[in-house]
Amino acid sequence: MTSHLTFIHRFEPGTRLEAPPLLLLHGTGGDENDLLQLGRLISPGSALLSPRGKVLENGMPRYFRRHAEGVFDEDDVRQRAHELADFIEAARTAYGIGKLIAVGYSNGANIAAAILLQRPDVLSSAALLRPMVPLSHAPNVDLSDKRVLMVAGQHDPIIPRENTLRLHDLLSTRGADVESHDLPIGHQLSQADLTLARRWIRTPDSVAMDKAS
Ligand code: MLT
């Protein structure tokens with residue numbers, strides 16, 4: 001029975017036991033189908049859980065409200081991060097999967113960062129593609145068992161470099177093992193994102209961590 005799972009979502013069971021389950025979080029205007037192919041490519045055989053954001057901005061799904069581009073409604077960020085974290089835990093039980101690695105793009109990366117900062121136990125680690133600082137006053141949680149991949153675009157018109165550096169600092173001062181890359185591109189995803197995420201997910205640590213969970 002999965003009717004109690006309160007996000008519209010797609011779930012694909014894993015086909016390789018050693019492949020870590022992935023939580024796929026789309027960007028603004030995306031949906032639960034958007035990142036499935038990315039997930040299959042970066043970690044073949046992983047179980048994939050892909051929820052659709054519940055907030056609509058001019059008909060475009062997102063995971064939380066914003067006042068303007070880059071200006072977040074932080075009360076909503078906090079509340080929606082908890083709601084999504086509850087869904088993730090319920091889905092893990094319903095589908096019988098281990099702790100998930102979040103793979104988020106843009107708005108999806110931002111809600112993944114908000115979950116890491118508020119409910120760190122819900123995720124095993126996170127690949128954040130074009131992320132921003134989701135909360136100006138983030139809780140002082142312990143992230144020393146988390147690996148984080150951050151991939152920014154040097155020509156991203158939405159995300160100032162200062163913001164990327166602040167997020168890196170915020171996560172690493174809380175103990176996360178942050179691997180950070182600046183690609184010579186803009187906000188859109190590229191083949192280089194895929195290659196970096198695939199390599200990062202395959203590192204022995206992430207497999208070992210997932211087996212232990
Ligand atoms: C956001 O969360 O608003 C993003 O960083 C930008 C976007 O989704 O367009």
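# Notebook: rings, a covered helix and some buried polar residues

**Entry 1, the aromatic pairs.** I began with Phe7, which counts as buried because its relative accessibility is 5% and the limit for buried is under 20%. I keep in mind throughout that this is a predicted model.

I then looked for aromatic pairs and noted that the structure holds three of them. In one, the ring centres of Phe7 and Phe87 lie 5.1 Å apart and the planes stand at 45°, so I wrote this pair down as tilted. Phe7 belongs to the segment before strand S1 (9-12) and Phe87 to helix H2 (residues 74-95), so the pair ties together parts that are 80 residues apart in sequence. Phe87 has a relative accessibility of 2%, so this partner counts as buried.

The next pair I looked up was Phe64 with Phe72, where the centres are 5.0 Å apart and the planes are at 75°, so the arrangement is edge-to-face. Phe64 has 0% relative accessibility and is therefore buried, and Phe72, at 11%, counts as buried as well.

**Entry 2, charges over the rings.** Which residue lies over the face of Phe7? I found Lys54 there, at 4.3 Å from the ring centre. For Phe64 the residue over the face is Arg62, and I noted 5.1 Å from the ring centre.

**Entry 3, His9.** I turned to His9, which I located in strand S1 and which counts as buried because its relative accessibility is 19%, with the limit set at under 20%. Its side chain reaches the backbone oxygen of Phe7 at 2.7 Å, and the side chain of His9 also makes a polar contact of 2.7 Å with the side chain of Tyr95. When I set aside the neighbours within four places in sequence, I found His9 in contact with Glu32, Leu49, Ser50, Pro51, Phe87 and Tyr95. Phe87 in that list is the ring partner of Phe7 from my first entry.

**Entry 4, Glu57.** I placed Glu57 in strand S4 (residues 55-57), and its relative accessible area of 19% means that it is buried. A polar contact of 2.7 Å joins the side chains of Glu57 and Arg66. Not counting residues up to four places away in sequence, Glu57 touches Thr28, Arg62 and Arg66; Arg62 is the residue that I had noted over the face of Phe64.

**Entry 5, helix H3.** Does the extent of helix H3 (residues 107-118) agree or disagree with the expected span? At 1.5 Å a residue, its 12 residues should span 16 Å, and the C-alpha atoms at its ends are 17 Å apart, which agrees. I then checked how covered H3 is, and I found that 12 of its 12 residues are buried. Among them are Asn107, Asn110, Ile111, Ile115, Leu116 and Leu117.

I looked more carefully at Gln118, which is also found in helix H3 and counts as buried because its relative accessibility is 16%. The side chain of Gln118 reaches the backbone oxygen of Arg78 at 3.3 Å. Leaving out residues up to four places away in sequence, I noted that Gln118 touches Val77, Arg78, Ala81, His82, Leu135 and Pro139. I also looked up the separation of Gln118 and His187, which are 69 residues apart in sequence and 26 Å apart in space, C-alpha to C-alpha.

**Entry 6, strands S8 and S9.** I found strand S8 (residues 100-105) joined to S9 by six bridges, with the two running parallel. One of the facing positions I checked has Ala102 opposite Ala126 in S9. Why is strand S9 (residues 123-129) largely enclosed by the rest of the structure? I noted that seven of its seven residues are buried, so the strand is largely enclosed.

**Entry 7, positive phi angles.** Last, I looked up backbone angles and found that Ser106 has a positive phi of about 55° although it is not a glycine. Ser106 sits in the loop between S8 and H3, and its relative accessible area of 12% means that it is buried. Arg130, likewise a residue other than glycine, has a positive phi near 55°. I placed Arg130 in the loop between S9 and strand S10 (147-153), and its 1% relative accessibility means that this residue counts as buried too.

Terms used:
Residues numbered from 1 in each chain as written. Predicted model: local features only at pLDDT ≥ 70, side-chain atom pairs only at ≥ 80, totals over all residues. Heavy atoms only, no water. Phe/Tyr/Trp six-rings, centres within 6.5 Å; stacked < 30°, edge-to-face > 60°. Buried < 20%, exposed > 50% of the residue type's maximum accessible area, 1.4 Å probe, protein only. Lys NZ or Arg CZ within 6 Å of the ring centre and 35° of its normal. Expected span 1.5 Å × (residues − 1). Polar contact = N/O pair within 3.5 Å; in protein donor to acceptor, adjacent residues only side chain to side chain. Contact = heavy atoms within 4.5 Å. Pairing = 2+ DSSP bridges.
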